[in-house]
Amino acid sequence: MSLGRRFLQALVLCVLASKALVASSASPTPTTIVLITVDTTRTDRMGFMGSHLGLTPSLDALARQSLVFSKAYAHVPLTTPSHATILTGTYPQFNHLGDLGAPLSKDLPDLPEILQKRGYRTAAFVGSQVLDPKSAAAPGFDRGFDIYDAGFHRRRSGEDRYSSEERRAATVVDHALAWLKGKARTTPFFLWIHVYDPHDPYDPPEPFKTKYVAAPYDGEIAYVDSALGRLFATLKAQGIYDRAIIAVVADHGEAFGEHGEESHGFFLYDETVHVPLLIKLPNERSAGRRVDARVGLVDVAPTLLEVAGIPAPVSMQGVSLVRWLTETDRTRERATESSDPGGDRRIYSETDYPHRSFGWSSLRSLRSGKYLYIDAPHRELYDEVADPEALHNLADTSNGVADTMHAQLDAFRHKTSGGATAAAPSLSPEQAEQLQALGYLTAASNSTGKEAIQKGADPKDKIQIANLLHHAVLATEEERYAEAVPLLQRVLKEEPMIALANLELGRSLNSLGDFAQALPWLHKAVELTPNSGRAHYELGVALGATGDWRASVVQLEAAVARAPDSDDLHFHLGMAYDELGQMPEAEKDFRDALRINPAHYRANLFLGRLLGMHNNPAAALTYLQRAVKLEPKSPDAHKFLANVYTELGREQEASRERDEAERLRRQVAP
Ligand SMILES: [Zn+2]
C-alpha cells in the first residue's frame, strides 16, 4: 500500500469515527435539540462544577450524561448581546447586537433559521422582556422561530414584575410543555428555553424564599433547577430525552463585590464571564466526559449543528466542539490564530456598557495561554494559573507580555469584526428609554460610534458610582423612592452629568411630592437629553404641581410629541390645558388618553367633570359612571357623578351618590 493510500485510509477511518458520534446528515430522523439558557448564572453554584451547596440536583444529573466544559466563557456579559452570540455563532464585534437597538440582521447566520429550513419545528420560550422581539432590546430575535413566546410589557405602577416584564421559570417551562404536547413525537424540533430568575432582584418564590432567606440568589438557582427538573422529567416521559441533544449554558455570570462589581456587564473578570456549559449528546454518547480546554459561547451553535449532522455555515465564527469527543492526542494540535497549543481557544470578550451608560471607557479582553489581558486606560494582565481570582495586575511589571497580548487582541478583533451592520444604530428617544427601563442604562446621547470606543475614564476607578446608580434604579423600579433619593444624590455629587441619574432623582422627588426640589434636576435632565420624552414629562409634572401651568404645557407637549401613544402623557397635558382654561384642548387630550386606555380612571373622571361643568351632563354621565366603576372607593368620583345627576334632574340618584361620597370621605379622613 502506498503511503498516499495509507494516509487516505487513515483519514477515512478518522472521519468515520467522528461521524459515528454525530448524526449522519442522511439520517432519516433528524435529532431534536433543546437549548436552555440560564440567565446570570455563576459556575460556582453548579454542583457539576464543584459546588457543594446542593442547589442543582437536576442539572447535575444531566451533567453526568453530558460533555461538561469546565472553562467556557461569554464574549459579552450582557443578556441580549450574549444570546445573539449563542444563536448566531458570531462575535459581538461582528453581529453588532452589543450596540443595542440594532436588529438581529438577516445577513447573520441563525441557528433556528438553519434548523427551520431543514424541517425542524422551532420554538422559543423566554423569561424576560430583554429577549422580547417586540421590545427595543431584541428586535429580530424571532427570526427562524415558528413560535416565539414572549409578550411582555413595561411594568405599570402597582403591577407585579412576574406578570409584566418577567416570567418565572415554572411559567416558562409550563408554556414550553403545553407547546410540546402531542407534536413532539413525530417531528424533530428545536426548543429554546430561557429562564431569567437568577437575574436581580433576587426574589425566589416559596418554598425557596424561606429556605434561602439568607442567600436569595442561591434560592433562585435552586428554584430554576427544580423547574428544569420538571422539564427533563417530561422529556423523559415522552421518550424525547435520550435521543435529544440538550445544551445548558449561561449567558453570563454575576459579581458579588469581586473587583468591586455588583451584578454584571461592567467588567470582564471570570465572575461574570466564566459560565457553565454542558452538552448532552443523543443516547449517552457524551456521558461523563469533561473538557478542560478553554471554549467560547460562539462555539455553541456550530457544535449543535454538527451533532445534528448539519454543516455549519462558514459565516459562523465559532468552531464545533465535537472534536473534543474524537481527539485522543490533543497536545499535538498546532497553535492557530484562534487557538493556543493544546487546543485552548483564545477567548475575546468586550463590554461597551461603561461607555454607553456613563461615558467611561469600553473594555476589551483576551484570554490566551495562561493569561487574562484587559485593555483599559490602565491596562491589566493576570496569570490565571497562579492568580485565578485576578487580584495581582502584572501589566506594569510584565510589559513585554502585555504588549504581545495587546497585539494579539487587536489582531483578533480586527480579523473578526465587520459583519452585517456597518454602523451603530441611531436609537430613537423611545428606544433609548425602553432600553433604560430594561436595565441597559443608556445615556441617551448616541456616542457609541467606533471612534468613541476606549475613550473616557477607567471603569475601575468608577465602579462604586455604577453600583450606587444600579441600586438606585432598582429602588425606583420597586417604587422605593425615599431610598433612591440619597443614592442618586451621591451619584450626582461625583458625576453631575449622568442624565439618567438627574432624571431618576427628579422623578423620585416628584413621586414623593417634593416637586419644587425636583425642578433643578429635571431641568438638567432635559438639558442633557433633549430628546427624552420621560424627562420632559417629569419636568412638566413638577412645573404644574408648583403652579407654573404655562411652562408645564410646553414640557408636556414636548413629551407627547416624543411618545404619542402614552395615555398618561395625554392625561397630564389635558390637566395642564384645563388649568389654563383651554377647554377644547383639554377635552381632546383627555379623549386621546381614553382612546389609548379606556380604563384610565383619572381621564374618565376629569373628562366627565369637564363636560359636566360645561353644560353637557348627558355626555359626562358615561365617563363618571365608568370612573365610579373603576375606583368605587373614590369620594371624588361619587361627588362629580352626584353633581351631574343633579344637572339631569335625577335627584334620587344624586342624593345616593352624595351620601356615598360623604361616607367614603369620612372613612378616609378620620
Ligand atoms: Zn443575562
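## A strand tucked inside

Let's start with strand β13, residues 371-375. Four of its five residues are buried, so β13 is largely enclosed by the rest of the structure. Keep in mind that what you're looking at is a predicted model.

What does "buried" mean here? A residue earns that label if 20 or more other C-beta atoms lie within 10 Å of its own. By that count, 52% of the protein's 670 residues are buried.

## The neighbours of β13

On one side, β13 pairs with strand β12, which covers residues 363-368. The two run antiparallel and are joined by five bridges. You can pick out some of the partners yourself: R367 stands opposite L372 in β13, and L366 has Y373 of β13 as its bridge partner. Between β12 and β13 the chain makes a hairpin with two residues in between, and G369 in that turn has a positive phi of about 55 degrees.

β13 also pairs with strand β14, residues 380-383. This pair is antiparallel too, with four bridges. Look for Y371, which stands opposite D383 in β14. Another hairpin makes the link here, taking the chain from β13 to β14 through four residues.

## The four-stranded sheet

Now zoom out a bit. In which order do the strands of this open sheet line up? The order is β11-β12-β13-β14, four strands with antiparallel pairing. At the edges you'll find β11 (347-351) and β14, each of which pairs on one side only. Going from one strand to the next, the twist averages 15 degrees.

If you're wondering what holds a sheet together, strands pair through backbone hydrogen bonds, and they can do that either parallel or antiparallel.

## The eight-stranded sheet

There's also an open sheet of eight strands, and its pairing is mixed. Trace it across in the order β4-β3-β5-β1-β6-β9-β2-β10. The edge strands are β4 (147-149) and β10 (289-296), and each of them pairs on one side only. Ignoring direction, neighbouring strands in this sheet are turned by 15 degrees against each other on average.

For a parallel pair, check out β2 (residues 67-73) and β10, which are joined by six bridges. A handy place to begin is L67, whose bridge partner in β10 is R289.

## A covered helix

Time for a helix. α21 spans residues 567-579, which makes 13 residues. From its first C-alpha to its last it reaches 19 Å, close to the 18 Å expected at 1.5 Å a residue. Just after α21 comes G581, with a positive phi near 80 degrees.

Is α21 mostly covered or mostly open? It's mostly covered, with ten of its 13 residues buried. Those buried residues are L569, H570, F571, H572, L573, G574, M575, A576, Y577 and D578. And which elements do the covering? They include the helices α19 (533-545), α20 (549-562), α22 (583-596) and α23 (601-613).

## The whole protein

Step all the way back and you can count 26 helices and 14 strands in the protein. Many contacts link parts of the chain that are well separated in sequence: among contacts between residues at least 6 apart in sequence, 61% join residues at least 24 apart.

Technical notes:
Residues numbered from 1 in each chain as written. Predicted model: local features only at pLDDT ≥ 70, side-chain atom pairs only at ≥ 80, totals over all residues. Pairing = 2+ DSSP bridges. Axes fitted to C-alpha atoms, helices over the stretch in contact; angles between N-to-C directions. Buried ≥ 20, exposed ≤ 12 C-beta atoms within 10 Å, placed from the backbone. Contact = placed C-beta atoms within 7 Å. Expected span 1.5 Å × (residues − 1).
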